[in-house]
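User: I would like to go through the reasoning behind some of the terms used for this model. Please set each value against its definition before concluding.

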Amino acid sequence: MGKRGRACMVVLGDLGRSPRMQYHALSLARQASLEVDIVAYGGSEPHSAVLENESIHIHTMIQWPNNSHSLPKILYPLMLLLKPIIQFIMLLWFLCIKVPPPDAFIVQNPPSVPTLVAVKWASSLRQSAFIVDWHNFGYTLLGLSLGRSSRFVSIYHWFEKRFGQMANGSLCVTRAMQHELAQNWGIKATVLYDQPPEFFRPTLLEEKHKLFCRLNRYLCQPLGVQDCVSAETTGIGGDVQNETLFTTRVGTNILLKPNRPALVVSSTSWTPDEDFGILLEAAVMYDRRVAALLDENDSTDEGVLWKEISCGKQYLYPRLLFIITGKGPEKEKYEEKIKRLNLKRVAFRTMWLSAEDYPLLLGSADLGVCLHTSSSGLDLPMKVVDMFGCGLPVCAVSFSCINELVKVEKNGLCFSSSSELADELLMLFRGFPDECDSLKSLKNGALEMGSSARWATEWEEHAKPLISEVISRNLK
């Protein structure tokens, strides 16, 4: 593929938090036999499959400082202008000098400014093809902080559209986005759905036990005062190799505890386009509604309740442990809110997992929750794709094109409010772990969808022909 046998991926962001671009790099190296350069910011560690592949070469740029929001508001417009100029110069240095000339540049969008401009210039100077992978629209993300009517947003939109039209080829993540690009942007794009790679799969019981052994110290630490999980894990600490919150080893056998909490996982970037408050409100509602359904009054001693649970007592509705993974600007704000909740049957933990442990956690969970709403309404949350790959059913916030991914009552449910989410939690976890038929049905649907399509197959069918054609046209 191409006379140079080389492609360059461009990510103006943390490569470790850009899984789709990591999968692109792996496919280009494995399925197209290309040498792959990745120009990106550092931060989180990419998956070991990327780091260990000898055909993939990572070039790390210096990160723009994150403390610009602490500057006086009058300087904010100046920073908005200065930041892309510095990034533009840095990108040109890497793309035109540090990286060997590729057959094609493949750039993640957003961000659009200055990325699309820099990659277009570099592709012209190095006589390389220019391909855009549309994940979302950058101007809609900027509009979340500045407002859609802002002059900066209008200028950004113009740059994004103008330089997006200059690309030799385009990929996008949904049919809705493909239609928008064709109708209103004059761009013909090929849909490349996010699909889970091979390391997103159901987790074996032995793997679950080892994972929970590794995570035990995090599970033992409540956000604030003691909660329904830390009250039990306090007694586990001395025998962490044989017993965890969820599993126990009996001789050579590992068993799931019948009175374990239901494990709910949500991955978030802690940004304004994900309203985490919905999940907190739903957790409070679940806690209160369970107490009402079990005829408990407000004076019920939570310490007595937790002691009964730790001694093996089961209730019609389980405790819920929400593990929230991810990094982002609003994390500390929501952690403070969690500390003040004072719930009897719900606990929260926030953590950042390695690229190897994250799929294991998804495959060990009972339910996934997605709060992604999409600034454009045209992209789909990749975290849900990963959950399905691990056979994990999902409750997702409803928005315009989510039905391209979540099939209601087959592999998940949708909600529009915290009350709806609380109702779904009650319905799905009633009788947990053995008598929850609705949850088991959704899990079977998620397993079926996760096993029916994988990234390598999707890439081979849709991305590889486009990239090959674009490179061939560019050589003529």
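Analyst: Two strands count as paired if DSSP finds at least two bridges between them. This is a predicted model, and in it strand E10 (residues 262–267) and strand E13 (residues 367–370) run parallel and share two bridges.

User: What makes E10 and E13 a pair, and which residues stand opposite each other?

Analyst: The definition asks for at least two bridges, and E10 and E13 have two bridges in the parallel sense, so by that definition they pair. Val 265 stands opposite Gly 368 in E13, and Val 264 stands opposite Leu 367 in E13.

User: How do you know that E10 also pairs with strand E11 (residues 320–325)?

Analyst: E10 and E11 are joined in the parallel sense over six bridges, and the definition requires at least two, so these strands pair as well. In E11, Leu 321 is the bridge partner of Leu 263.

User: Why are E12 and E15 called edge strands of the sheet?

Analyst: Six strands form an open sheet with parallel pairing, in the order E12-E11-E10-E13-E14-E15. Strand E12 (346–351) and strand E15 (412–415) each have a single partner strand, so one side of each is left without a neighbour in the sheet. Neighbouring strands of this sheet are turned by 20 degrees against each other on average, direction ignored.

User: What makes E10 largely enclosed?

Analyst: Buried means under 20% relative accessible area, and six of the six residues of E10 are buried, so the strand is largely enclosed by the rest of the structure. Ala 262, Val 264 and Ser 266 point one way from E10, while Leu 263, Val 265 and Ser 267 point the other way, and all are buried.

User: Which residues touch the most other members of the largest nonpolar core, and which helix gives the most to it?

Analyst: Within this core of 114 residues, Leu 28, Ile 38, Trp 134, Leu 181, Leu 263 and Leu 321 touch the most other members. Helix H17 (residues 455–475) gives the most to the core, with seven residues. A second, separate core of 39 residues includes Val 346, Leu 371, Leu 426 and Phe 429.

User: With which residues is Ile 38 in contact, leaving aside its neighbours within four places in sequence?

Analyst: Contact means heavy atoms within 4.5 Å, and with those neighbours left aside the partners of Ile 38 are Met 9, Leu 15, Ala 25, Val 50, Ile 56, His 57, Ile 58 and His 59.

Notes
Residues numbered from 1 in each chain as written. Predicted model: local features only at pLDDT ≥ 70, side-chain atom pairs only at ≥ 80, totals over all residues. Heavy atoms only, no water. Helix = DSSP H or I, 4+ residues; strand = E, 2+ residues; numbered from the N terminus. Axes fitted to C-alpha atoms, helices over the stretch in contact; angles between N-to-C directions. Buried < 20%, exposed > 50% of the residue type's maximum accessible area, 1.4 Å probe, protein only. Core = buried A, V, L, I, M, F, W, Y, C linked by side-chain atoms within 4.5 Å.
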